[in-house]
Structure formats: structure tokens, C-alpha cells
Amino acid sequence: MSDNTRQLPVITLPTDAGLAMAPNELGQQSRRLPPWLRRNLEPGGGHGETASLIAELGLETVCSSAKCPNRLECWSARTATFMILGNVCTRPCGFCSVPKGKTEALELDEPLRVAEAAKRLGLKHVVITSVTRDDLADGGADHFRQTIDAVRAATGATIEVLVPDFIGKEGALAQLMAAKPDVFNHNTETVPRLYRTVRGRKSHYPWTLKLLADAKKIMPTVKTKSGLMLGLGETHDELLDVFADLLEQGVDFLTLGQYLQPTLESLAVERYLPPEEFETLGALARSMGFKQVASGPLVRSSYHARDMAENGLVE
Ligand code: SF4
């Protein structure tokens, strides 16, 4: 999948700037976070309005379910990433704090409630994600389509979807793409060597690449996007191989952020990369050909997604 003969610029990255972490020490972890991951935002601010609206409309967000460190900042700025298809996932990923197990029936009015929230928040760019629903015949693709249609009708906003791989769901991707999202995001999450550890036995690296390539084949004008969490034990060479593989699939936008252990049971952090290392990797990714790159310790796939989309969609 990668062209290992490609010519890449030689870079020197710090090798000892991260902090070693013992596994499953969430309490200690928060005390031992390096200074660049400590956030100084005070509770309060404007985030309560966003929280109230989401609660009033009975919606889920990945901001809360994934314990995102940027929630106060994003919600204070009246932006959130909606998570549809319930709050229970059918995949056993080791990095994610979304509950796993028995799923519930689809809420048929959820697309309209997401649209209402997006409208009342005044969103110009709406990011919609979901849990993985291997139990549904179409993986939830039609529910995604309905949500995109409803949000667009209510807001006229650009739409970004962050989707599961829909593996084994014949026709699901085409069904979703019929709604013509502006940005199609599927996260790679980690390098192939760590896929089984990080994403579990039900996810495979080639499926990720194929989904991103297929989305572009179905809708050549869509911007495709993918992201990785760093600090799980990946090497720089492995990252460069993944960058090359993503570019081969025509991926336009890339996000790189620090993995943070969300619960005591989740995978431990192997290393905290300093901001300079993220900057270097981001510059390298740009030089390799990605049109938009966000790289930093607190970057998440939906962090400042509107900025990336606005810059990338006008290119
Ligand atoms: S970065 Fe994304 S997931 Fe995190 S709080 Fe912001 S919008 Fe939510």
C-alpha cells in the first residue's frame, strides 16, 4: 500500500521529550500530564448554553462520550460534534470511552433534533459522527443520509461526516454519499501494526484505506479526511507510511493529535509528544501533499473543523 521507495525529506525529531506513563493510572495521569496538555479554561463561560440545548433535545455528542479535552472551549464557542445512532457501540476499540454492548432501537426523529440543534447553535459547518452499528443491515447509512438532509435543509451549513467503516454493508457507502456531504472523514486512528491492539479484531487497516478511496470514487468532489492519535507506540517511519497510503487514496485533509487515556480500562498512553514534534510531523505531512493538516497535542478530528473545511473547500 505504501511506496517505500519514495523520497522524503530527512527530519530530526526529539526522541526523549515524552513522559513515560504507567498503565491504568488515570488519577496519576491527570496530575502528571505535561504542561502543554493542561488546559486553563475555567468551568462556566458559555458552554452551559450548549450543554442545555443538547440535553433539552436529547442528543448525544462525541464531545461528552469520548471525554474530549476541548469540550469547554468548543461548547463555549457554540460548536459540538453530534453523535447519532445511539450511545452504544458494537466495536471493542481499546482507546474509546463510548459504551459498548447491546444497542437500542433507532430514534426516528433524531435527524430533525440534530437539525434543530445545529440551527439554534447557528452552525455554519456541522460535524456528524456515530457509533459503529454492525447490528444494522445498512450500518446506519440511511440514518446518516436523513440527518445530512435535515441539517442542510434547516441550516444551509456545510456538512462533515465522520463515519464507521460500513464493512460488510453492501451499498451502505453509496447510500450515505447520495446525500452529498462536503467532507467525508474516516479516522485511521493508528498505524497498521497497532490496529488490533487499538481498534480490536473487528477493524482492519486495508478497510480504512478502501473506504476513503471508495468515497472519492463515488463522489470525486468530496473532500476526504482522516486522523491519527499519536502516543500509542507508533514510530515515525510507520507514520510516514500511513501518510503515503492515505495520499494514495486521494485523502485531502489530515489531523494528528495526542492520544489521552479516557478511562482506567482504556489503553495506556505510551508517550506524550511535545508540540514541536507535532509541528514537525504536520509540516512533513503538508510537504508530502495533504491540502490541509491540523497537528497538535489537543487536535481532534473535529477540532476547529470549520476552519479546515472553509480553507480546504475553497481551494
Ligand atoms: S474537538 Fe470535536 S469532539 Fe472535542 S469538544 Fe470540540 S467538537 Fe467536540
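Helices and strands are here taken as DSSP runs, numbered from the N terminus, where a helix has at least four residues and a strand at least two. With that in hand, Leu85 can be placed in this predicted model: Leu85 is found in the loop between strand β2 and helix α5. The phi of Leu85 is near 70 degrees, a positive value in a residue other than glycine. Most residues other than glycine have a negative phi. Leu85 is also buried, because 24 other C-beta atoms lie within 10 Å and the cut-off for a buried residue is 20 or more.

A second residue of this kind is Arg78, in the loop between α4 (71-76) and β2, where phi is near 60 degrees, again positive in a residue other than glycine. Arg78, however, has 15 C-beta neighbours inside 10 Å and therefore counts as partly exposed.

From these loops one can step back to the whole protein, whose secondary structure comes to twelve helices and eight strands. Of its 315 residues, 44% are buried, and among the contacts with a separation of 6 or more, 76% are made by residues 24 or more positions apart.

The eight strands form an open sheet with mixed pairing, in the order β1-β2-β3-β4-β5-β6-β7-β8. At the edges stand β1 (60-61) and β8 (292-295), each with a single partner strand, so that one side of each is left without a neighbour in the sheet. The pairing of β1 with β2 is antiparallel and runs over two bridges, and Glu60 stands opposite Met83 in β2.

Following the chain past Leu85 leads to helix α5, which covers residues 110-121 and reaches 16 Å from its first C-alpha to its last, close to the 16 Å expected at 1.5 Å a residue. Its buried residues are Glu110, Pro111, Val114, Ala115, Ala117, Ala118 and Leu121. Seen down the axis of α5, these buried residues fall within an arc of 160 degrees, so they line one face of the helix. What covers them includes the helices α2 (47-56) and α6 (141-155) as well as the strands β2 (81-84) and β3 (125-130). Just after α5, Gly122 takes a positive phi of about 70 degrees.

Two of the buried residues of α5, Val114 and Ala118, lead on to the interior. In soluble globular proteins, nonpolar side chains tend to be buried together. The largest nonpolar core here has 80 residues, and Val114, Ala118, Ile128, Val151, Val161 and Leu176 are those with the most contacts inside it. Val161 gives a view of these surroundings: leaving aside its neighbours within four places in sequence, Val161 is in contact with Ile128, Phe144, Ile148, Leu176, Pro181, Phe184 and Asn185.

Further along the chain lies helix α10, with 13 residues and a reach of 18 Å from its first C-alpha to its last, close to the 18 Å expected at 1.5 Å a residue. In α10, the residues Leu240, Val242, Phe243, Asp245 and Leu246 are buried, and the buried residues of this helix pack against α9 (205-218), β6 (223-230), β7 (253-258) and α11 (275-288). Asp241 also lies in α10, which spans residues 236-248, but Asp241 is partly exposed, with 19 other C-beta atoms within 10 Å. The C-alpha atoms of Asp241 and Pro192 are separated by 9.6 Å, although the two lie 49 residues apart along the chain. Just after α10, Gly250 takes a positive phi of about 80 degrees.

Technical notes
Residues numbered from 1 in each chain as written. Buried ≥ 20, exposed ≤ 12 C-beta atoms within 10 Å, placed from the backbone. Contact = placed C-beta atoms within 7 Å. Expected span 1.5 Å × (residues − 1). Arc of directions from axis to C-beta. Pairing = 2+ DSSP bridges. Core = buried A, V, L, I, M, F, W, Y, C linked by C-beta atoms within 7 Å.
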